[in-house]
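Trainee: I should like to learn how to read the features of a structure that is new to me. Where should we begin?

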Amino acid sequence: MEEQIKESGDWAARVNRNTLRLGYCTGAWLVTTAVATFGPQFIWHDNTLLTAIAIFINLGVGFVTIAANKHHLQSLDEMQQKIQLEAMALSLGVGFVCGLSYSLLDQSNLIAADAEISHLILLMGLTYFAGMVVGNRRYR
Amino acid sequence: MKNRLKVLRAERDWTQADLAAALEVSRQTINAIEKGKFDPSLPLAFKAARLFNMSIEDIFQDEAAA
């Protein structure tokens, strides 16, 4: 038993490490997104080269974040993976269906404002969060 | 699916955290399995059987077959 708990200590430490790494990557991605969004206007005054560099750095950090998320998911136990899967399926489904309808509403001029990708990301984020809350409550 | 995890754990005076640590899952997962809210995979069931030195059937019972 002690040996198994010791091995499991490694598992728990690995989960914590991967969660922390995902947190750092997400934070870095957020910062690079903010720099790429506001930099052209407030820092380098529309220099095209610097804007392109900022966007490519943001893209690179984004891919690192995807890899970190994959490692994080793989390190979770099977019930946690199931909760994540259900939340992500809900988020993807709602994002896909509502995103398409939102785009159609914009194309047919049934809404006054232009369809913004940020609205879709916000919707998917909130749906994922709701899915995680519901999933964690279901197995509590 | 019914299981005897709670009883077996209590017989050995282990906490949910102890069992979770031994099976390399979270304490919430052990709680959900004990309450019958989550059915473990076959590899996890085998791992539990090895830990308790029993067969899978001695720990987990199919309610439909009972």
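Mentor: Let us begin with burial: a residue is called buried if 20 or more other C-beta atoms lie within 10 Å of its own. This model is predicted, and in chain A buried residues make up 11% of the 140 residues.

Trainee: Is Ala68(A) buried or exposed, and why?

Mentor: Ala68(A) has 21 other C-beta atoms within 10 Å, so it is buried. Its place is in helix α2 of chain A, residues 48–75.

Trainee: Which residues is Ala68(A) in contact with, leaving aside its neighbours within four places in sequence?

Mentor: Contact means that the C-beta atoms of two residues lie within 7 Å. On that basis Ala68(A) touches Arg21(A), Leu22(A) and Cys25(A). Between Ala68(A) and Cys25(A) the C-alpha distance is 7.2 Å, although 43 residues separate them in sequence.

Trainee: What pattern does chain A follow along the sequence?

Mentor: The pattern is α-α-α-α, with four helices and zero strands. Chain A has a radius of gyration of 20 Å, well over the 14 Å that the globule rule gives for 140 residues, so it is more spread out than a compact globule. Its C-alpha atoms fill a box of roughly 65 × 35 × 15 Å along the principal axes.

Trainee: How many residues does each chain bring to the contact between chain A and chain B?

Mentor: Chain A supplies 11 residues and chain B supplies 14 residues. On the side of chain A, α1 (2–42) and α3 (78–107) are the elements that give two or more residues. The largest share, five residues, comes from α1(A). By class, this side of chain A has five nonpolar, four polar and two charged residues.

Definitions and conventions. Residues are numbered from 1 along each chain as its sequence is written. Chains are lettered from A and ligands numbered from 1 in the order in which they are written. This is a predicted model: local features need pLDDT of at least 70, side-chain atom pairs count only at pLDDT 80 or more; totals for chains, interfaces and linings use all residues. Ala, Val, Leu, Ile, Met, Phe, Trp, Tyr, Cys and Pro count as nonpolar, Asp, Glu, Lys and Arg as charged, and the others, Gly among them, as polar. A residue is buried if 20 or more other C-beta atoms lie within 10 Å of its own, exposed if 12 or fewer, and partly exposed in between; C-beta atoms are placed from the backbone. The radius of gyration is taken over C-alpha atoms; the globule rule is 2.2 Å times the number of residues to the power 0.38.
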